[in-house]
Amino acid sequence: MPDGWARATAGHAAFTMPENCQQVPLPDDAPLGYWDWVAQDSPTLDDTSVTYRIGVITQGPSAVFDNPPTDDTEFVARKLGVSSLFGRKMLSTGASPYQVEGIPDQLWRIDYFPIGGSADTSEDKNYLFVAQDDGEPEIIVIGLTGLTITEDFLTTFTSGIEVLHD
C-alpha cells in the first residue's frame, strides 16, 4: 500500500484511501441519492472545506435500477453512467465507460463533467467505478468526487479497488 494511504471496506467494496480520509456520519436528510457510505477529508458531510469525497453504494447496482444483470459489468457501468448519481447537473463523458486495469477482473471507469462544461476544463472532478470478478455475483459501485483529484490520485485509488465475496 502506498505511504499515506489506508485500507477501507464498505459492503463488498474494498479500496485504499488517503489516511486523512474518514468515514462521516450521514444524516437522515442527506441529499446523497443512492450513496449510503461516505468518507472524505473533513469530519462532517456539510463541511465546505472538503476537497475530495469517496462514496459507495453498498447495495450495488440493484439500489439504482431493478434486476441488474449479474454477468455483464459493462452493461451495468453503461446504465449507471447515464444515471444522475452525482446530481442532475452532471453528465458522463461520451468516452465513458471504459475498462481500466485493476485487481478486479472487470473494472470500469466513468468520468463525469458539469452540464455546459467539458471534461478538459471542469474543475469539478467526478468519477464512478464499477467492478466485478468473473464468475462472482457481487458488483461494486464506488464514486470519487472533488476539486483536488489528479491523475496520480486516481491511479493510486484505482489500483486499490477490490471486490469482496461472501
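In what order do the elements of the protein run from the N terminus on? The run is β-β-β-β-β-α-β-β-β-β-β-α-β, which puts two helices and 11 strands in the protein. The model is a predicted one, so a word on confidence comes before the details, because coordinates should not be read in detail where pLDDT is low. The average pLDDT for the protein is 88, and 88% of the residues score at least 70. Among the elements, strand β11 has the highest mean pLDDT, at 98, while strand β6, spanning residues 90-92, has the lowest, at 63.

That top-scoring strand, β11, is a good place to start on the sheet. Three strands make up an open sheet, arranged β1-β2-β11 with antiparallel pairing. The edges are taken by β1 (5-10) and β11 (162-163), each of which pairs on one side only. Strand β2 covers residues 13-18, and two bridges join it to β11. On the β2 side, Ala14 has Glu162 of β11 as its bridge partner. Helix α2, residues 151-159, packs on this sheet and touches β1 and β2; the helix direction makes about 145° with that of β2.

What about the inside of the protein? Buried residues account for 48% of the 166 residues. The largest nonpolar core holds 25 residues, and the members touching the most others in it are Phe15, Ile142 and Phe157. Several elements each supply at least two residues of this core: β1, β2, β4 (37-40), β5 (52-56), β9 (125-132), β10 (139-146) and α2. The sheet strands β1 and β2, and the helix α2 that packs on them, thus turn up again among the contributors.

Ile142 shows how this looks from a single residue. Leaving aside residues up to four places away in sequence, Ile142 touches Ala13, Phe15, Trp35, Ile54, Gly55, Val56, Tyr127, Leu128, Phe129, Phe157 and Ile161. Phe15 and Phe157, the other two residues named for touching the most core members, are both in that list. Apart from the largest core lies another, of 21 residues, which includes Val24, Trp35, Phe65 and Ala77.

Contacts also reach across the sequence. Among those between residues at least 6 apart in sequence, 48% join residues at least 24 apart. As for the outside, the accessible surface of the protein comes to about 8500 Å², and carbon and sulfur atoms make up 47% of that area.

Conventions: Residues numbered from 1 in each chain as written. Predicted model: local features only at pLDDT ≥ 70, side-chain atom pairs only at ≥ 80, totals over all residues. Heavy atoms only, no water. Pairing = 2+ DSSP bridges. Helix = DSSP H or I, 4+ residues; strand = E, 2+ residues; numbered from the N terminus. Contact = heavy atoms within 4.5 Å. Axes fitted to C-alpha atoms, helices over the stretch in contact; angles between N-to-C directions. Buried < 20%, exposed > 50% of the residue type's maximum accessible area, 1.4 Å probe, protein only. Areas by Shrake-Rupley, 256 points an atom, 1.4 Å probe, with all protein chains shown as cover. Core = buried A, V, L, I, M, F, W, Y, C linked by side-chain atoms within 4.5 Å. pLDDT = per-residue confidence, 0-100.
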